[in-house]
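Reader: I am new to this structure and would like a close look at a single part of it, the part you think best repays slow reading. Please lead me there from the overall layout in one connected account.

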Amino acid sequence: MDSLIPFTTSGSLVDCVDRKMLVILRDGRKLHGVLRSYDQFANLVLEDTVERIYHENLFAESWHGLFLIRGENVVLLGEIDLDREDDILLRQVEFHELEPFHKRAIELKKQNDDSKSQILYEQKGFCKEGGEGDGY
Amino acid sequence: MLPLSLLNAAQNKPMLVELKNGETCNGHLINCDNFMNITLRDVYQTNSDGDRFWKLKECYIRGSTIKYLRIPDILLDAVKEEQVRAREVGRNTRGAHAGGPGNRGGRGASTRGGRGRGGPMRGGRGRGRGVQ
């Protein structure tokens with residue numbers, strides 16, 4: 001069955017329709033939602049979408065609803081195993097409580113990366129990076 | 001229902017568009033095309049930090065600069081219902097054509113059989129296609 005479907009976007013995603021999926025965007029956002037539709041560019045329609053943020057052993061969710069994501073911005077699309085979803089050893093907290101920590105962590109990481117690339121540029125003869133962070 | 005057809009169906013609906021640079025635009029969709037280029041009316045634009053706002057009467061966004069669009073939740077249901085209704089209409093008109101020759105061919109066999117054969121098969125195919 002699998003071998004009959006060519007490795008194309010449409011071939012690999014057809015089994016994922018109407019399943020709960022995790023989408024990671026190029027800006028690092030993690031979205032959980034039900035995949036309702038997609039096309040050859042991997043533009044995605046996600047229903048009942050929540051954004052999840054993590055910090056240490058905590059996580060929080062913020063409800064967003066119906067999303068149409070432009071395919072270019074997708075880094076990863078993964079199916080969520082509903083049977084094992086609740087086994088994770090993380091504690092859920094309120095989004096507004098966790099958000100400041102999450103933002104701070106992003107800021108620190110950015111500062112760290114900036115100073116690292118500054119040192120590489122000045123002392124080791126590296127070129128300036130594009131400032132894309134993880135380089136997605 | 002492909003993503004871009006959903007966007008097409010969202011005309012005149014409110015939506016939030018986030019651009020790749022993090023800026024957001026809140027407004028009603030006027031029009032869109034197959035490149036995802038869109039025009040919005042009565043737009044509230046915010047910068048990427050979310051601390052500055054602009055009000056625009058109308059704006060055009062090039063599709064390639066879009067990160068994602070958030071559209072009203074009810075739209076998906078509305079579009080699904082619309083599709084079902086369109087399919088019903090299609091089936092009824094096609095059913096009428098198919099019924100004609102069937103009746104003529106096997107009058108003795110019963111008209112119910114003829115319609116029964118045509119109806120469910122056609123319906124089954126229609127639903128299969130509609131998944132997406």
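Author: Chain B, followed along its sequence, has the pattern α-β-β-β-β-β-α-α, made up of 3 helices and 5 strands (DSSP runs numbered from the N terminus, with helices being H or I of at least four residues and strands E of at least two). This is a predicted model, in which local features need pLDDT of at least 70 and side-chain atom pairs count only at pLDDT 80 or more, while totals for chains, interfaces and linings use all residues. Residues are numbered from 1 along each chain as its sequence is written, and chains are lettered from A and ligands numbered from 1 in the order in which they are written.

Chain A, in turn, has 2 helices and 6 strands, and its order along the sequence is α-β-β-β-β-β-β-α. The C-alpha trace of chain A spans about 55 × 40 × 25 Å along its principal axes. Of its 136 residues, 18% count as buried (20 or more other C-beta atoms, placed from the backbone, within 10 Å of a residue's own), and in chain B buried residues make up 17% of 132.

The part to look at closely is the meeting of the two chains, to which chain A gives 17 residues and chain B gives 20 (a contact requires C-beta atoms, placed from the backbone, within 7 Å). On the side of chain A that touches chain B, the elements giving two or more residues are strand E2 (30–38), strand E3 (44–55) and strand E4 (58–69). E4(A) supplies the largest share of that side, 6 residues. By type, the residues on this side of chain A divide into 8 nonpolar, 5 polar and 4 charged (Ala, Val, Leu, Ile, Met, Phe, Trp, Tyr, Cys and Pro are nonpolar, Asp, Glu, Lys and Arg charged, the others, Gly among them, polar).

These three strands of chain A are also linked to one another. E2(A) and E3(A) run antiparallel and are joined by 7 bridges (strands pair if DSSP finds at least two), with Leu46(A) in E3(A) as the bridge partner of Leu35(A). Their hairpin has 5 residues between the strands, and Ala42(A) in the turn has a positive phi of about 65°. E3(A) then pairs with E4(A), again in the antiparallel sense, over 10 bridges, and here Tyr54(A) stands opposite Phe59(A) of E4(A). The hairpin of E3(A) and E4(A) leaves 2 residues between the strands, and Glu56(A) takes a positive phi near 50° in it.

From E4(A) the pairing continues into the other chain, for E4(A) and strand E5 (residues 66–71) of chain B pair in the antiparallel sense over 4 bridges. Within that pairing, Leu68(A) has Leu69(B) of E5(B) as its bridge partner. Neighbours within four places in sequence aside, Leu68(A) is in contact with Asn43(A) and Val45(A) in its own chain, and with Pro3(B), Leu6(B), Leu7(B), Tyr68(B), Leu69(B) and Ile71(B) in the other.

Leu68(A) and Leu69(B) also appear together in the largest nonpolar core, a set of 31 residues (buried Ala, Val, Leu, Ile, Met, Phe, Trp, Tyr and Cys joined through C-beta atoms within 7 Å). Those with the most contacts inside this core are Val23(A), Leu44(A), Leu46(A), Phe67(A), Leu68(A), Ile69(A) and Leu69(B). As background, nonpolar side chains tend to be buried together in soluble globular proteins.

How values were computed
A residue is buried if 20 or more other C-beta atoms lie within 10 Å of its own, exposed if 12 or fewer, and partly exposed in between; C-beta atoms are placed from the backbone.
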